[in-house]
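Trainee: I should like to understand how the terms used for a protein model are justified. May we go through them one at a time?

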Amino acid sequence: MTMSTARKETETPVTAPDAFLTAAFHAPCRSLALPCDMNTLSAELSAADAPAFVWTKVAGPDDPAFTPLTEMGFRVAVEEITYERPADAPAPAATADPGFTVRKITQDAAAREAAIAEELGDLACDNLTTSRFHQDPLVPDAVACEIKKRWAMNFFTGKRGQEMYVACAADGNAVGFN
């Protein structure tokens, strides 16, 4: 009888490939969905073929995953605030013309509107400078900029979002989007 001491791969990975970030960083990137088995995560991060970048979202310092992730080297890159308005709240008062128009582009119309994609990509690159990538000292600003540009432009290729709202100044130039 022979026995092998080789490690047997029996655990399912707790991270998943992130093709978008892998292309942007030119290195393996993965996302982590919580909750997860922290021992499995630790093993993945210690493996020879460990990803170069792993991201996840936690609710905050009170989240049970916060401390173990911090101990594994994860750190807060960005904190987000969510505003909400109750559905039964009165509508906001109408305001004077803000000097721009807002239009909705649906995913069905995105390909026909692709001419604006580069302009919105440049707008994202130049203005979305507080992202988790810009806040990470290990991510060069040029890479962070490219990520935000691609992220915005991906709407027009069907890779992101169902609709986009675009604000344009009186001269027709895009000044914002969501």
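Mentor: Let us begin with a single pair: serine 31 has tryptophan 55, in β3, as its bridge partner. The model is predicted; local features require pLDDT of at least 70 and side-chain atom pairs pLDDT 80 or more, while totals for chains, interfaces and linings use all residues. Residues are numbered from 1 along each chain as its sequence is written, and side-chain values use heavy atoms, without hydrogens and water.

Trainee: What makes β2 and β3 (residues 53-55) a pair of strands?

Mentor: Two strands pair if DSSP finds at least two bridges between them. Three bridges join β2 to β3, so the criterion is met; these strands run parallel. Strands themselves are DSSP runs of E with at least two residues, and helices are runs of H or I with at least four, numbered from the N terminus.

Trainee: Why is the β-α-β crossover from β2 to β3 called right-handed?

Mentor: The chain passes from β2 through helix α2 (residues 38-46) to β3. The crossover is called right-handed because, with the strands pointing away from the viewer, the path from the first strand over the helix to the second runs clockwise.

Trainee: How is β1 (residues 15-17) joined to β2 (residues 29-32)?

Mentor: Three bridges join β1 to β2, and the two run antiparallel. Threonine 15 stands opposite leucine 32 in β2.

Trainee: Which strands form the open sheet, and in what order?

Mentor: The order is β4-β5-β6, with antiparallel pairing. Its edge strands are β4 (100-106) and β6 (174-177), since each pairs on one side only. Between β5 (residues 163-169) and β6 there are three bridges, and cysteine 168 has alanine 174 of β6 as its bridge partner.

Trainee: Which residues of α5 are buried?

Mentor: They are Ala117, Leu120, Gly121, Leu123, Ala124 and Cys125. Buried means under 20% relative accessible area, whereas exposed means over 50% and partly exposed lies in between (1.4 Å probe, protein chains only). The buried residues of α5 pack against α7 (141-153), β5 and β6, where contact means heavy atoms within 4.5 Å. In the chain, buried residues make up 28% of the 178 residues.

Trainee: How many helices and strands does the chain have, and why is it called more spread out than a compact globule?

Mentor: The chain has seven helices and six strands. Its radius of gyration is 21 Å, well over the 16 Å that the globule rule gives for 178 residues, so the chain is more spread out than a compact globule. The radius is taken over C-alpha atoms, and the rule is 2.2 Å times the number of residues to the power 0.38.
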